[in-house]
Amino acid sequence: MRPTAKFSISFGLVTIPVAAYNATDTSASVSFVRIHTADGGRVRNQPVCSLEGTEVSPDEIGRGYRPHDADVVVPLSDEDLEALPLPTARTLTILAFVAGGDIDPLQMGKGYYLATDSPAAAKPYVLLREAMERHERVGLGKIALHGRETLAMIRPMGDALVMQVLLWPHQIRSMDGVLPEREVEVHPNEVAAAETLMDSFGELSEDDLHDHYREALDELVAAKLAHREPEFGTGEEQPSGGQVMDLMAALQDSVRAAKRSRGEDEGDTGRATAKRPAKKAAAKTSTASGTKSGTGSGTKSGTKTASGAAAKKSAQSTAAKSTTKKTAGKSAAKKTASRGARRAG
């Protein structure tokens, strides 16, 4: 693998010579060629001079720049571009260290593996990588690649450093005309149902990260060459499109479909959902039972207790009266006996 570019990373007073290698392979993606439908001949892009109308050979093609406010193209040679006072032409100067989450994914461009370009660069290379990893930060800087200055992000990835080209902020278009025209209200139970659907998706499998389109395209081409019908096999049933009338019903159906696709029991969702009302019902039953106990049987019990207490009090009162009468009778008998004794004396 050949390096795409060579430059140095400037980290304060530390300089790290590196070589950049393409981290992605666009040739592996599906691509088509243009053909003449009448006879199948290739239709090529031929470099033609707009003034002469003749084809131009590669060694006659150079660079030109058209200013924004003029309808003219200014020729620029390689010497002109190399003479530009660009400190980033051969050096990526790190300007700041930020959290990776602060980078807008819309700005992410092409990725490069960075390798050391000299034995002396090994130690500062590892030092920068480990410092960013421990500090959980990525480096932001500027670098001129292929005749253009661009923002770049450096981050640790395993044992290596990776550079990601970033778009300039002015290259990100505004969201005007993208957002819904009217304000939409989403209810908490709908958000909860959507979260349940998200949880039901599970983890990514290796099959999910497979280019099925390219595989099907290869089969289609092979079938055409062999003059046979293509054998695509049985793919997954695609969800039918259409307007969603009942959002909650659609979310619940989606959860069941996701579980069905993974071979899980569809009843799990129902049981999990049914558990919550069951608990509430149990709580209600318990409360009702407690209320009954407190108002019904509790009242009867309280009435009985009150009756018993009243009866006991009445008995105690009667006994007290009886004791008083007896005591009074004894006192009267003593007085009569005492009088009789006096008279006899």
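Trainee: Let's start with Lys6: is this residue buried or exposed?

Mentor: Lys6 is exposed, because its relative accessible area is 53% and the cut-off for exposed is over 50%. Do keep in mind that this is a predicted model.

Trainee: Thanks! Which residue forms a salt bridge with Lys6, and how far apart are the closest N and O atoms?

Mentor: To read a salt bridge, look for a side-chain nitrogen of Lys or Arg within 4 Å of a carboxyl oxygen of Asp or Glu. Here the partner of Lys6 is Asp117, and the closest N and O atoms are 3.6 Å apart. Lys6 sits in strand β1 and Asp117 in the loop between β6 (108-116) and α2, so this pair ties together parts that are 111 residues apart in sequence. Asp117 itself is partly exposed, at a relative accessible area of 34%.

Trainee: How many salt bridges does the structure have by this rule?

Mentor: The count comes to four. Among them is the pair of Glu130 and Arg129, where the closest N and O atoms are 3.5 Å apart. Look at the accessibility of each partner: Arg129 is buried, at 10% relative accessible area, whereas Glu130 counts as partly exposed at 40%.

Trainee: And which residue does Arg228 meet in a salt bridge?

Mentor: Its side chain meets that of Glu219, with 2.8 Å from N to O. Glu219 is buried, with a relative accessible area of 18%, and Arg228 is partly exposed at 35%.

Trainee: Let's turn to aromatic residues. How is a pair of aromatic rings described?

Mentor: Two values do the job: the distance of the centres and the angle of the planes. This structure holds one aromatic pair. The rings belong to Phe11 and Phe97; their centres are 5.7 Å apart and their planes stand at 80°, so the pair is edge-to-face. Phe11 lies in strand β1 (residues 5-11) and Phe97 in strand β5 (residues 91-98), so the contact ties together parts 86 residues apart in sequence.

Trainee: What is the relative accessibility of Phe11, and what is that of Phe97?

Mentor: Phe11 has 25% and counts as partly exposed. Phe97 has 35% and also counts as partly exposed.

Trainee: Now for surface patches. Which residues form the negative one?

Mentor: In reading such a patch, note that Asp and Glu count as negative. In this model the patch is formed by Glu206, Asp207, Asp208, Asp211, Glu215 and Asp218. Take Glu215 as an example: this residue lies in helix α4 (residues 212-225) and is partly exposed, with a relative accessible area of 47%.

Trainee: Which residues make the nonpolar surface patch?

Mentor: Tyr65, Val72, Val74 and Leu76 make that one, and the patch covers about 320 Å². Val72 is found in the loop between β3 (63-65) and β4 (74-76). With a relative accessible area of 43%, Val72 is partly exposed.

Trainee: I'd also like to read backbone angles. What is the phi of Glu136?

Mentor: The phi of Glu136 is near 55°, a positive value in a residue other than glycine. To place Glu136, look in the loop between α2 (122-135) and β7 (138-145). Glu136 is exposed, with a relative accessible area of 62%.

Trainee: And what is the phi of His227?

Mentor: For His227, phi is near 55°, again a positive value in a residue other than glycine. His227 sits in the loop between α4 and α5 (247-261), and with a relative accessible area of 76% this residue is exposed.

Trainee: Finally, let's compare sequence and space. How far apart are Glu136 and Pro156 in each?

Mentor: For this kind of reading, set the sequence separation beside the C-alpha to C-alpha distance. Glu136 and Pro156 are 20 residues apart in sequence and 9.3 Å apart in space. Another pair to try is Arg256 and Leu197, which are separated by 59 residues in sequence and by 8.8 Å in space, C-alpha to C-alpha.

Trainee: Where is Arg256 placed, and is it buried, partly exposed or exposed?

Mentor: Arg256 is in helix α5. At a relative accessible area of 31%, Arg256 is partly exposed.

Conventions
Residues numbered from 1 in each chain as written. Predicted model: local features only at pLDDT ≥ 70, side-chain atom pairs only at ≥ 80, totals over all residues. Heavy atoms only, no water. Patch = residues over 30% accessible without salt bridge, like charges linked within 9 Å, V, L, I, M, F, W, Y side chains within 5 Å. Areas by Shrake-Rupley, 256 points an atom, 1.4 Å probe, with all protein chains shown as cover. Charge placed at Lys NZ, Arg CZ, Asp CG, Glu CD. Helix = DSSP H or I, 4+ residues; strand = E, 2+ residues; numbered from the N terminus. Buried < 20%, exposed > 50% of the residue type's maximum accessible area, 1.4 Å probe, protein only. Phe/Tyr/Trp six-rings, centres within 6.5 Å; stacked < 30°, edge-to-face > 60°.
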